[in-house]
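Biologist: I am new to this structure and would love a close look at a single part of it. Could you pick one strand and walk me through its surroundings?

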Amino acid sequence: MSYQYDVVVRPSSGLRLHLNENTAGCSPRVLEAIRSVTRHDAAFYPDYDRAIAACAARLRVEPDRLLLTNGLDEAILATTVAALRDRRVEQPEAIVVMPAFDMYASTSDGAGARVVEVAVGGDFVFSTANVEAALNQNTRLIFLTNPNNPTGQIIPLDEILTIARRAPQALIFVDEAYADFSDVTLVGDPRAAALPNVIVGRTFAKAYGIAGLRAGAIVADAGTIDRLRRIVPPFSVNACAAAAIVAGISDTEYYDWYLEQVRTSKALLYDALARLGIRYWPSAANFVLIHLGEHAQRTVDGLAARNVHVRDKSRDPACPGCVRVTAGVVEHTEACIRALEEVMCAAGS
Ligand SMILES: *Cc1c(COP(=O)(O)O)cnc(C)c1O
């Protein structure tokens, strides 16, 4: 079985609601910061003092519990390398709760782990028992996404902590790519801070809208951060991204505005989906998973023909018939809803 990540970045035009990006773009302050990067900033290896200070203040953690990464994807890679370092285990295992973000299986399989796929639970409600049933002495890595992509569902923090305590031999990677939208986080939670095997990953790609610049962060116990520091290259985050982190964090007004746009967009989507009789799962993130069953492909194609691009997840056995729609700027969501209504009407006539 191949776990290679299927890169879907196209199309470059139309309404991109397929990758959960910030549909408004980054804060204008980020662009100003990049424009003021000097010839010498470009020539010198970057200094991260300001970016680390800004990020630590934003997340309210001590800087020694924080490591900047080249996107959250690099945090996944570094954690995987750290987890698989123990040579006493002949066949290390990585638990992935399905449906899941594709990078977990791709990275851990690529690094030599056996990928153990665990079903999330009925109606996408997280089942701790399912994860516990898959645990054994070879378990070295457990990926938990909170809120989950593509379902938008929250894992109660207690459940994550229970799993972390049950599996001290493993690193628990808690992917909080969408925690800005859910406001549920293990960052700053004293119970998580006491567990050296809990690693929280964050990103500036989604709420801050700098996916193209690549910027993420890891928060963990200081000793665990030291383990990861030996793996993440020392200049992994480029000078423009480092400047963008500082500028993005400083513009709280823009950030709050975008979160409000996402909340309103989700409410509009829920109303429209209810009106159209389409099943959906209320989401804690900046996207909504909807169920179109056998009409998934036709609907995705119909939307694409109207220049609205959504993510077809219908062939994923863990969420059959489902499609994921990014909820960003309200105007974009309204355009998506109009296109969806057209596609549904065309089908009904
Ligand atoms: C988008 C996403 C990432 C990747 O974040 P980058 O910072 O762009 O690397 C990681 N995990 C999940 C669940 C995501 O949806």
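Modeller: Happy to; here is a tour that starts at one strand and moves outward through its partners.

Please keep in mind that this is a predicted model. Our strand is β5, which covers residues 139-145. Seven of its seven residues are buried, so β5 is largely enclosed by the rest of the structure.

Let us begin with the strands that pair with β5. One of them is β3, residues 93-98; β3 and β5 run parallel and are joined over four bridges. To find this pairing in the model, look for glutamate 93, whose bridge partner in β5 is threonine 139. Strand β6, residues 171-175, also pairs with β5 in the parallel sense, here over five bridges. A good place to spot that pairing is leucine 141, which has leucine 171 of β6 as its bridge partner. Between β5 and β6 the chain passes through α7, and this β-α-β crossover is right-handed. As background for viewing any such strand, side chains in a regular strand alternate between the two faces of the sheet.

Now for a side chain of β5 itself. Arginine 140 forms a salt bridge with aspartate 86, with 3.5 Å from N to O. Aspartate 86 sits in the loop between α4 (71-83) and β3, while arginine 140 is in β5, so this pair links distant parts of the chain, 54 residues apart. What about their exposure, buried or partly exposed? Arginine 140 counts as buried because its relative accessibility is 9%, under the 20% cut-off. Aspartate 86, at a relative accessible area of 22%, is partly exposed.

From here, follow the chain onward into the crossover helix. Helix α7 spans residues 157-166 and holds arginine 166, while helix α6 spans residues 128-134 and holds glutamate 132. These two residues make a salt bridge, their closest N and O atoms being 2.4 Å apart. Because the partners lie in those two helices, the bridge ties together parts that are 34 residues apart in sequence. Arginine 166 counts as exposed, at 51% relative accessibility, whereas glutamate 132 is partly exposed at 23%.

Helix α6 has another residue worth a look, threonine 128. Threonine 128 is buried, with a relative accessible area of 9%. Setting aside neighbours within four places in sequence, threonine 128 is in contact with Glu159, Thr162 and Ile163.

The aromatic rings offer another way to find your bearings. Phe101, Tyr104, Phe143 and Phe173 are linked into a cluster by ring pairs. The whole structure has eleven aromatic pairs.

For contrast, here is a salt bridge within one helix. Aspartate 226 and arginine 229 both lie in helix α10 (residues 222-229), three residues apart, or about one turn of the helix. Their closest N and O atoms are 3.7 Å apart in the salt bridge. Aspartate 226 is partly exposed at 45% relative accessibility, and arginine 229 is partly exposed at 39%. Elsewhere, Arg58, Glu176, Asp180 and Arg202 are joined into one network by salt bridges that share partners. A search of the whole structure finds 18 salt bridges.

To return to where we started, β5 is the strand that pairs with β3 and with β6, and its arginine 140 reaches aspartate 86 through a salt bridge.

Terms used
Residues are numbered from 1 along each chain as its sequence is written. This is a predicted model: local features need pLDDT of at least 70, side-chain atom pairs count only at pLDDT 80 or more; totals for chains, interfaces and linings use all residues. Side-chain values use heavy atoms; hydrogens and water are left out. A salt bridge is a side-chain nitrogen of Lys or Arg within 4 Å of a carboxyl oxygen of Asp or Glu. Buried means under 20% relative accessible area, exposed over 50%, partly exposed in between (1.4 Å probe, protein chains only). Contact means heavy atoms within 4.5 Å. Rings of Phe, Tyr and Trp (its six-membered ring) pair if their centres lie within 6.5 Å; planes under 30 degrees apart count as stacked, over 60 as edge-to-face and the rest as tilted. Two strands pair if DSSP finds at least two bridges between them. A crossover is right-handed if, with the strands pointing away from the viewer, the path from the first strand over the helix to the second runs clockwise.
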